[in-house]
Amino acid sequence: MQFADRKEAEAFLAANPQVRSIELFLIDANGVPRGKLLHRDELLAIYDNGRPLPSSILALTLLGEDVEGTGLVWDVADADCWTYPLPGSLTVQPWRTTPTGQLQVSMHPEQGLPAAPADPRHVLAQTIDRLKADGYHPVMAVELEFYLLDRQRDANGRPQPALQANGVRPQAPQVYGIYELEQLQPFLDDLYAACEAQGLPVRTAISEYAPGQVELTLEHRFDALQAIDEGVRYKRLVKGVANKHGLQACFMAKPFSDQAGSGLHLHVSLADEQGHNLYASDDPHGTPLLRHSIGGMMHTLTDSLAIFCPHANSYRRFQASSYAPLAKSWGVNNRTVSFRVPGGPAQSRHIEHRICGADANPYLAAAALLAGIHLGIRQQIDPGAPIVGNGYEQATNFLPTDWLTALLALERSSWAREALGEGFIKVYLAIKWQEYRLFNAEVGEQDWRWYLTHA
């Protein structure tokens, strides 16, 4: 685990005398940034001595409630655990009305105990290290879909797509619509400017397959940990820029029953130490290493589904002909499968992992994905024949489509405990089981609509 040098902070303070406050954050199990707002005078001390955060910060539900079953609350007296800054994470937040900095921290492997094993970034870093020890350097890129929503709800109190610049609320999907992107120009201009200020390699913008749905791609990185760091910070940035424009950026997997869900697509290949793509092949199906990688991801998919799809809402996204996969399947240049090998030149050969909803924690999703790849390589797992044509019509080995089944699969998985760490799995499952109980205990609109009169 590498932490930042004090010189970064000194240079930042000198270059940004207008910044008075700095948002310090750590990513929890649900992918939620949690931390503190600090005064600039506190910054240098963090680089010298770290910053304590309570152990319970990694033992919270999505709603920010303590989960005692993690063992990180009263069992350890909510102990202080030391965090340290990550290199390159100290930047400005251009969307703030008052000049504000941003700093991401992670638990120290020793000084961060007892919470360190539950730090999602640690889980990914350890997974990458194991691959590198066998000579494989994961190269990754992140694609995130999201909806831009109005702060104001509709007449029924439900979320609705944000008004376009022309004052009209979008009604049709208009996938790949250029006019729709033009209507988002004020937001997109600020988003690209903020990404440039934070050094985030955001590239193509797309109007996606629903009114108000957008996707922007990030450039691939030879350092997979850097790629996921950038994906996490990009998500924070999108929400901040949207808020500046009076909008809400929604990363729910399925915010609308009659519209497309939002996915987190992770692109991955393996390289040698010199950066040569080990999947590269003139054959569109890639090398045997690529196929073994897919075999491993398919083999471990059920065990890791509760990480790729961490919430009750995540499973509403799995519907036929929806661009969300339904089965353990792979194919070449095929968006109806779970693991897609895109077309393109031999040197660009890679795998697009299409399982995750946009609500997944990118660190954990990448860790589970890479651990599956590692197993497939070591055991030379054959993924079977690729799907040609409509994968929805040919689906046989279906994914579980409910939260309970996925949680039970993770709980029973010896592979997950070995690959992701016993300490992490204990904490993660404690959080998820508490969320599962709370979610299912809540009576809401659907219950009233179905049962209030006719039951």
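The radius of gyration used here is taken over C-alpha atoms, and the rule for a globule is 2.2 Å times the number of residues to the power 0.38. For 455 residues, that rule puts a compact globule near 23 Å, and the chain has 22 Å, which agrees. This is a predicted model, in which local features need pLDDT of at least 70 and side-chain atom pairs count only at pLDDT 80 or more, while totals for chains, interfaces and linings use all residues. Residues are numbered from 1 along each chain as its sequence is written, and side-chain values use heavy atoms, with hydrogens and water left out.

Let us begin with the whole chain. Its C-alpha trace spans about 60 × 55 × 50 Å along the principal axes. The chain holds 14 helices and 14 strands; these are DSSP runs, numbered from the N terminus, with helices being H or I of at least four residues and strands being E of at least two. Of the 455 residues, 58% count as buried. Here buried means under 20% relative accessible area, exposed means over 50%, and partly exposed lies in between, using a 1.4 Å probe and protein chains only.

How is the chain connected to itself? Counting as contact any heavy atoms within 4.5 Å, residues 24 or more positions apart account for 73% of the contacts with a separation of 6 or more. On the outside, the chain exposes about 19500 Å², and carbon and sulfur atoms supply 50% of that area. Such areas come from the Shrake-Rupley method with a 1.4 Å probe, and for residues only the protein chains shown count as cover.

Charge comes next. There are 38 positive and 51 negative side chains, and the centres of the two sets lie 2 Å apart. Lys and Arg count as positive and Asp and Glu as negative, with His and the chain ends not counted; each charge is placed at NZ of Lys, CZ of Arg, CG of Asp or CD of Glu.

Now find helix α13, residues 422–441. The expected span of a helix is 1.5 Å times one less than its number of residues. The 20 residues of α13 should therefore span 28 Å, and its end C-alpha atoms are 29 Å apart, which agrees. Buried residues of α13 include Phe424, Tyr428, Trp433 and Tyr436. The buried residues of this helix pack against α3 (120–133), α8 (301–308), α9 (362–379), α11 (403–411) and α12 (414–420).

One of those partners, α11, contains glutamate 411. Glutamate 411 counts as partly exposed because its relative accessibility is 33%. Beyond its neighbours within four places in sequence, glutamate 411 is in contact with Arg417, Leu429 and Trp433. Its C-alpha lies 9.9 Å from that of serine 304, although the two are 107 residues apart in sequence.

Another helix to visit is α7, residues 288–299, whose 12 residues reach 16 Å from first C-alpha to last, close to the 16 Å expected. Nine of these 12 residues are buried, so α7 is largely enclosed by the rest of the structure. Among the buried ones are Leu289, His292, Ile294 and Met298. They belong to a buried set that packs against β11 (264–271), α8, β12, β13, β14 (351–353) and α9.

Two buried residues show how distant parts of the sequence meet. Methionine 140 sits in strand β7 and, at 1% relative accessibility, counts as buried. Its C-alpha is 5.3 Å from that of histidine 220, 80 residues away along the chain. Its contacts, leaving aside neighbours within four places, include His220, Ala224, Leu266, Val268 and Leu370. Alanine 327 lies in the loop between α8 and β12 and is also buried, at 5% relative accessibility. The C-alpha atoms of alanine 327 and alanine 395 are separated by 5.8 Å, with their positions 68 residues apart along the chain.

Finally, a few loops carry backbone details worth finding. A cis peptide bond joins leucine 113 and proline 114, with omega about 10°, and proline 114 is in the loop between β6 (100–107) and α3. Tyrosine 176, in the loop between β7 (137–150) and α4 (178–183), has a positive phi near 60° without being a glycine. Asparagine 333 is not a glycine either, and has a positive phi of about 50°; its loop runs between β12 (330–332) and β13 (339–341). Tyrosine 176 counts as exposed at 53% relative accessibility, and asparagine 333 counts as exposed at 53% too.
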